[in-house]
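Please open the model in your viewer and keep the sequence panel visible beside it. The tour proceeds by selections, each followed by a description of what is found there.

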Amino acid sequence: MKSNLISKTETAEVLSQISSQWKVELPKIKNLKIYEFEEGQIIVGEGLTAIKIGDNYLPFLSDSGTLAKFPSVMVDMGAVKFMCNGANVMRPGIRSFGEFEKGQIVCIIEESQKKSLAVGRALVSSKEMAEMSKGIVIENLHYISDKYWEAKKSIKD
């Protein structure tokens, strides 16, 4: 895995892109380090860990401070093993949820320990979801034990 520390100008540019995609306030960061591998990039800075896949930025699952800024859905324990294998979030498995719009990044947490399992993109708004009884609600983009999770283990901060 190749890594490089990017300039302050490039850091500001990346943070601006992330902030506009996520629509959340990010901490002031002087420099970001980017780790590149085949499937994408892991971006690490003080108070921020993110993944870039194509043109999409996702908060990293271990970055609980950043994840707390996103809306979340809580899934029942029966959904956990499926989430950790990359399955999308289905309406019947959702116990509770916050407000979100279609296309927004959503954090998926499990009901017993309230731990983050996955990060996904909402395929419907929370208002639409409330009226659904079945179907796919959130596309799972990053989950515990996926290739990004495993790649991050080899990074020494």
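Select Glu 111 first: in this predicted model, Glu 111 counts as partly exposed, at 23% relative accessibility. Add Arg 95 to the selection. Arg 95 and Glu 111 form a salt bridge, and their closest N and O atoms are 3.0 Å apart. Side chains of opposite charge can pair when their charged atoms come close. The two partners belong to distant parts of the chain, 16 residues apart: Arg 95 is in strand β8, and Glu 111 is in the loop between β9 (105-110) and β10 (116-122). Arg 95 counts as exposed because its relative accessibility is 54%, and the cut-off for that term is over 50%.

How many salt bridges does a search of the whole structure find? The search finds two. To view the other, select Glu 150 and Lys 153, whose closest N and O atoms are 3.3 Å apart. Both residues lie in helix α5 (residues 147-153), three residues apart, which is about one turn of the helix. Glu 150 is partly exposed at 38% relative accessibility, whereas Lys 153 is exposed, with a relative accessible area of 53%. Now select Lys 152 together with Phe 60. Lys 152 lies over the face of Phe 60, at 6.0 Å from the ring centre.

Return to β8 and display the sheet that contains this strand. The sheet is open, has six strands in the order β7-β11-β10-β9-β6-β8, and shows mixed pairing. Why is one side of β7 (89-90) and of β8 (94-97) left without a neighbour in the sheet? Both strands stand at the edges and have a single partner strand each, so one side of each has no neighbour there. Select β7 with strand β11 (residues 136-143): the two run antiparallel and are joined by two bridges. Within this pair, Val 89 has Ile 138 of β11 as its bridge partner.

Next, select Ser 126, which is placed in helix α4 (residues 126-130). Is Ser 126 buried or exposed? Its relative accessible area is 5%, so Ser 126 falls under the 20% limit and is buried. Beyond its neighbours within four places in sequence, Ser 126 is in contact with Phe 97, Gly 98, Glu 99 and Phe 100.

Move now to strand β3 (residues 40-45), which is mostly covered, with six of its six residues buried. Gly 40, Ile 42 and Val 44 point one way from the strand, while Gln 41, Ile 43 and Gly 45 point the other way. Add strand β2 (residues 33-37), which runs antiparallel to β3 and is joined to it by five bridges. Lys 33 stands opposite Val 44 in this pair, and β2 and β3 form a hairpin with two residues between them. Then add strand β4 (residues 48-53), which also pairs with β3 in the antiparallel sense over five bridges. Here Ile 42 is opposite Ile 51. β3 and β4 likewise form a hairpin with two residues between them, and Gly 47 in the turn has a positive phi of about 85°.

The last stop concerns aromatic rings, of which the count gives three pairs. One of them is Trp 22 with Phe 70, an edge-to-face pair at 5.3 Å centre to centre with 75° between the planes. Trp 22 is in helix α1 (residues 8-22) and Phe 70 in the loop between α2 (64-67) and β6 (72-75), 48 residues apart. Trp 22 is buried, with a relative accessible area of 2%, and Phe 70 also counts as buried, at 8% relative accessibility.

Key:
Residues numbered from 1 in each chain as written. Predicted model: local features only at pLDDT ≥ 70, side-chain atom pairs only at ≥ 80, totals over all residues. Heavy atoms only, no water. Pairing = 2+ DSSP bridges. Helix = DSSP H or I, 4+ residues; strand = E, 2+ residues; numbered from the N terminus. Buried < 20%, exposed > 50% of the residue type's maximum accessible area, 1.4 Å probe, protein only. Contact = heavy atoms within 4.5 Å. Phe/Tyr/Trp six-rings, centres within 6.5 Å; stacked < 30°, edge-to-face > 60°. Lys NZ or Arg CZ within 6 Å of the ring centre and 35° of its normal. Salt bridge = Lys/Arg side-chain N within 4 Å of Asp/Glu carboxyl O.
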